[in-house]
Every structure is written in structure tokens, then in C-alpha cells.
Amino acid sequence: MLKLDGEKQGELLEVTTEGTATEDDLHLFKEALKAKKLQEEPLNILFIFKNIEGNTPKALWEAFKVVVHLKSIKKSAIVADDTFMSLDQNKVIPGVEIERFSLEEVDEARKWLRK
């Protein structure tokens, strides 16, 4: 399941993923990212991951279509529980400043992105 907030101009784009990501979820994210790029570039994104179970095979294919839009991201905060694996933050998206926060630190993540 994917939930998007902050799609209006001047708002922080927030992407919440819970459970298993589907092809439709990734398509929705791609379209929101494209629309946000038209409003402002570079942009900052808050990702919130809860109870992650993985991706469907079609979601992985859709994720490849998103890659071209990632260069528009300046900063990304990752707020996650323990079901989200620890990533080497410097290798996730080259050129994007990434910080990781716990679920309890979502407000701190928003503040960091707005700096």
C-alpha cells in the first residue's frame, strides 16, 4: 500500500509505504514525482516505511521506470521501522543526501528536509 501527501506546490512530498509494494503503487509514485518536478526542482522527499514485506515482481519492473526521475531529488529522509533493512545511505541514490530516522522521529525528518 502506498499513500502520498504533499502533492501541492510548496508542500513536502511524503510517501508512506506499508506491507507489499505493487506495480500500481510504484506507478502512482512515479506520476506524483513527475508532477512535483514540474512545481519545483530539485525537491526533497520524506519516505515512511512500515511493516515492509517486499515488492511484487511487477513493482520491481515499474521501479526501473522511476530511476530517471530520481536525479531531481536533492534530499530524502527515510523514516522506518525495523522491517525496513538498513541501507548504505550514500549508495541508495547517487548525489542525493539521505538521512535515516525512526518512526518516532518523523517530525525531526520533516524539519531536516526543510533546512
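User: Leaving aside its neighbours within four places in sequence, which residues is Phe 29 in contact with?

Analyst: A good place to start! Bear in mind that this is a predicted model. Phe 29 is in contact with Leu 2, Val 15, Ile 45, Phe 47 and Val 66, once neighbours within four places in sequence are set aside.

User: Which residues touch the most other members of the largest nonpolar core?

Analyst: Phe 29 is one of them, together with Val 15, Leu 33 and Ile 45, in a core of 22 residues. Two or more residues come to this core from each of E1, E2, H1, E3, helix H2 (57-66) and E4. Another core lies apart from it, with ten residues that include Leu 12, Leu 46, Ile 48 and Phe 101.

User: Now the sheet, please. What is the order of the five strands?

Analyst: First the general idea: strands of a sheet pair through backbone hydrogen bonds, and the pairing can be parallel or antiparallel. Here the sheet is open and its order is E1-E2-E3-E4-E5, with mixed pairing. Strand E1 (2-5) and strand E5 (97-102) are the edges; each has a single partner strand, so one side of each has no neighbour in the sheet. From one strand to the next, the twist averages 20°.

User: In which sense do E1 and E2 pair, and over how many bridges?

Analyst: E1 and E2 are antiparallel, with four bridges between them. If you want a residue to click on, Leu 2 stands opposite Thr 17 in E2.

User: Which strands does H1 lie across, and which does H3 lie across?

Analyst: H1 lies across E1, E2 and E3, and runs at about 175° to E3. H3 lies across E2, E3, strand E4 (73-80) and E5, with an angle of about 175° to E4.

User: Let's turn to charges. How many salt bridges does a search of the whole structure find?

Analyst: In general, side chains of opposite charge can pair when their charged atoms come close. The search of this whole structure finds five salt bridges. One of them joins Arg 110 and Glu 14, whose closest N and O atoms are 2.7 Å apart. This pair links distant parts of the chain, with Arg 110 in helix H3 (residues 106-114) and Glu 14 in strand E2 (residues 13-21), 96 residues apart.

User: Are Arg 110 and Glu 14 buried or exposed?

Analyst: Arg 110 is partly exposed, at 22% relative accessible area. Glu 14 is buried, at 10%.

User: Which residues are linked with Arg 110 in a network of salt bridges?

Analyst: The network links Glu 14, Asp 107 and Arg 110. Between Arg 110 and Asp 107, the closest N and O atoms are 3.0 Å apart. Both of these residues lie in helix H3, three residues apart, which is about one turn of the helix. Asp 107 is partly exposed, with a relative accessible area of 46%.

User: Which residue does Lys 36 meet in a salt bridge?

Analyst: Lys 36 meets Glu 40, with an N to O distance of 3.8 Å. The cut-off for a salt bridge is 4 Å, so this pair counts. Lys 36 is buried, with a relative accessible area of 2%, whereas Glu 40 is partly exposed at 27%.

User: Staying with helix H1, which residues does Lys 37 touch, not counting residues up to four places away in sequence?

Analyst: Lys 37, which lies in helix H1, touches Leu 43, His 69 and Ser 72 on that count. Lys 37 and His 69 are 32 residues apart along the chain, and their C-alpha atoms are separated by 8.4 Å.

User: I'd also like to check the backbone. Where is a cis peptide bond?

Analyst: Look at Glu 41 and Pro 42: a cis peptide bond joins them, with omega about 0°. Pro 42 sits in the loop between helix H1 (23-39) and strand E3 (43-55).

User: And what is phi of Asn 51?

Analyst: Phi of Asn 51 is near 50°, a positive value in a residue other than glycine. Asn 51 belongs to strand E3, and its relative accessible area of 41% makes it partly exposed.

Conventions:
Residues are numbered from 1 along each chain as its sequence is written. This is a predicted model: local features need pLDDT of at least 70, side-chain atom pairs count only at pLDDT 80 or more; totals for chains, interfaces and linings use all residues. Side-chain values use heavy atoms; hydrogens and water are left out. A salt bridge is a side-chain nitrogen of Lys or Arg within 4 Å of a carboxyl oxygen of Asp or Glu. Buried means under 20% relative accessible area, exposed over 50%, partly exposed in between (1.4 Å probe, protein chains only). Contact means heavy atoms within 4.5 Å. Two strands pair if DSSP finds at least two bridges between them. Axes are lines fitted to C-alpha atoms, for helices over the stretch in contact, and angles run from 0 to 180 degrees between N-to-C directions. A nonpolar core is a set of buried Ala, Val, Leu, Ile, Met, Phe, Trp, Tyr and Cys residues joined through side-chain atoms within 4.5 Å.
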